[in-house]
Amino acid sequence: MVEKAADKGHVVLNNVSKCFFEDEKKILCLDQLSIEIPPGQLTVLMGPSGCGKTSMINLIAGYETPDTGSITIDGEKITEPGHDRLVVFQETALFPWMTVFNNVAFGPKAKGLAEKDIKEKTESILETVGLQDFQDKYPTQLSGGMQRRAELARALVNEPSVMILDEPFRGLDAMTRELMQEFYLKLFDETKITTLFVTHELEEAIFMADTVIILTYKPGRVRKVVKVPLERPRHFSVSASKEYMDIFNDTIEILFEEAKKAFDHDDASSLDIIQSLKRNSDDS
Amino acid sequence: MTRIKNLAAAPTFYAALAGMILFFSSWYFLTETLTLPRFKNIPDPLSVVTEWSAIHPKYGVSLFTKPYYVDILYSIIRTYAAFAGAVVFGVSLGIVMGWSRILHNYTFPLVEIFRPMPPLSWIPLAVLVLPGIELPVVFVTFIAAFFATVLNTLLGVQSINRDYFLAAKCLGAKPRDILFHVVIPGSLPFIFTGLQIAMGIAWMSIVAGEIIAGQRGLGYYIYEAAALFQYEQVIMYMFTLGFLGYVSSVAIRYVGNLLMAWEEAKRKAR
């Protein structure tokens, strides 16, 4: 079982700016961004493509360093990747050449734990995600949902302070996606592991989040911080409640505006979010 | 019409058999029945097989004579020595080039200039620089196989999804872990494609190499036999080279499948 992550994983971005170069043109990507990811909470990051979500993840993960400002985790400055912050990527980044067991054991092995501890930890986490019978399979032999669970296990086994999930359920069919949302929420309720969750789907965001942070289109600034005080544990029926609908309606306008900006700038990938928003507003 | 279609879709063994029968009968037809002027000195398949399997062959070499196997052994040792060199040096250079941007920039244009140079063109320098007989032969066999291996390994490293590196780093992997658990397994499918190509190239180049050897080896005897107008021998040795190359390819595929069980799993999952 995963232990309670206590109050670890307090991530603070203070005045963070980041530029990158596109066709030799300097583009401001994050503009003096100040965000707090409170420990033990599930924070969802939303915004159209081009709002700098990926940059933000890269910065927190330590793959890149900010041009100005600072990022700290539990008071310590982030300078390089470390297994206190684990990223779960879009689609899947499980190593296809390793069995599920070896994928999950990768972190503990790299840390140089004893063979016995590695086996024990890996097997116990695989049981938590319900993959104990699939540990000798290769990732390609698993269904999409199982792959995501294996990926969560590979991160969780390292007992990170914060989990960074970059559209982790992208590409799953609607049914599996909902099951995975429920699965992660259950895990979160049990462990209270600090989570930064990036998604394009507003329904997913509200269903999962304690806080939804919406970023603006180029450059990324905080547009709005939405608190989601819905009671936990949550069930899917929550989406029929009045509180949910209120939050939904407050948020969708803003999101639509930002997505529209991206769309007008001819950012084709913004179609993603527009389509998903359109679908949502048609439903409601 | 449907009968032809059915035949074309026959199980692989029968299809292969049909292809061979078609080829050998055309050969027989061209050399024996039609006897076109340019073809009339070429022995027909039957006389090649007869010579090949004769206990007392006309020209002294067949399946039942010792020199035949000595030649095969010489060629195998030379080719495999060259191939081993191509694997060791080619894979190493390919991985380093794929991994280090700087080294890639220094070496890639050079590799691309050297790669198309035919093995034959290396003979003068190989003889000039390398001592003895065997080293130049192996070098000429090695050189083209080496560049094929380098290029495919490089492509293999470059084909690895960037997320795998990021994931490994954030899971706490050190460069050594990344080399052995990400770079090498990740590029293995390309490496093995490269090795099959390299093995084919090595068997092609061995003939060029063995001209300079001046003694022993299948390639050398092809030239020797041609000079003596023993064309049955030429063809028999050509086919021997073909068989050895085929078996080598199968062996590489077999080893590759053993090492890449996940690829097999992927194919089955589809």
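**Pocket, strands and cavity, term by term**

Tutor: The lining of the second largest pocket takes at least two residues each from α2 (12–33), α3 (45–52) and α11 (231–259) of chain B. The model is predicted, so to speak of local features requires pLDDT of at least 70 and side-chain atom pairs count only at pLDDT 80 or more, while totals for chains, interfaces and linings use all residues. Residues are numbered from 1 along each chain as its sequence is written, chains are lettered from A and ligands numbered from 1 in the order in which they are written, and side-chain values use heavy atoms, without hydrogens and water.

Student: What makes α2 of chain B a helix?

Tutor: Helices are DSSP runs of H or I with at least four residues, and strands are runs of E with at least two, numbered from the N terminus. α2(B) has 22 residues. Its first and last C-alpha are 30 Å apart, close to the 32 Å expected at 1.5 Å a residue, where the expected span is 1.5 Å times one less than the number of residues. After α2(B) comes B:T35, with a positive phi near 35°.

Student: Why is the space called a pocket, and which residues are closest to its centre?

Tutor: On a 1 Å grid over the protein atoms alone, a pocket is an open set of points with protein on both sides within 12 Å along at least five of seven lines, whereas a cavity is a set where a 1.4 Å probe fits but cannot get out; lining residues have an atom within 4 Å of a point. The second largest pocket has a volume of about 280 Å³. It is lined by 14 residues, and B:M20, B:F24, B:W52, B:F239 and B:F243 are the closest to its centre. By class, the lining has twelve nonpolar, two polar and no charged residues.

Student: How do you know where the second largest pocket lies relative to the domains of chain B?

Tutor: The domain assignment gives domain 1 (1–42) and domain 2 (53–269) of chain B. Both give residues to the lining, so the second largest pocket lies between them. The C-alpha centres of the two domains are 31 Å apart.

Student: What makes β7 of chain A mostly covered?

Tutor: Buried means under 20% relative accessible area, exposed over 50%, and partly exposed in between (1.4 Å probe, protein chains only). In β7(A), residues 162–166, five of five residues are buried. A:V162, A:I164 and A:D166 point one way, and A:M163 and A:L165 the other.

Student: Why is A:F256 called partly exposed?

Tutor: Its relative accessible area is 32%, so by the limits of 20% and 50% A:F256 is partly exposed. A:F256 lies in helix α7 (residues 242–264) of chain A.

Student: How do you know which strands pair with β7 of chain A?

Tutor: Two strands pair if DSSP finds at least two bridges between them. β6(A), residues 85–88, and β7(A) have four bridges in the parallel sense, with A:L86 opposite A:M163. β7(A) and β8(A), residues 194–198, have five, also parallel, with A:L165 opposite A:F197.

Student: What lines the largest cavity?

Tutor: The lining consists of A:L86, A:V87, A:V88, A:E151, A:R154, A:A155, B:C170 and B:L171. About 50 Å³ of space lies in the largest cavity, and the count of cavities of 30 Å³ or more comes to one. β6 and α4 (144–156) of chain A each supply at least two of the lining residues.

Terms used. Points joined across faces, edges and corners; volume = space filled by probe spheres on them. Nonpolar A, V, L, I, M, F, W, Y, C, P; charged D, E, K, R; others polar. Domains from an automatic or database assignment.
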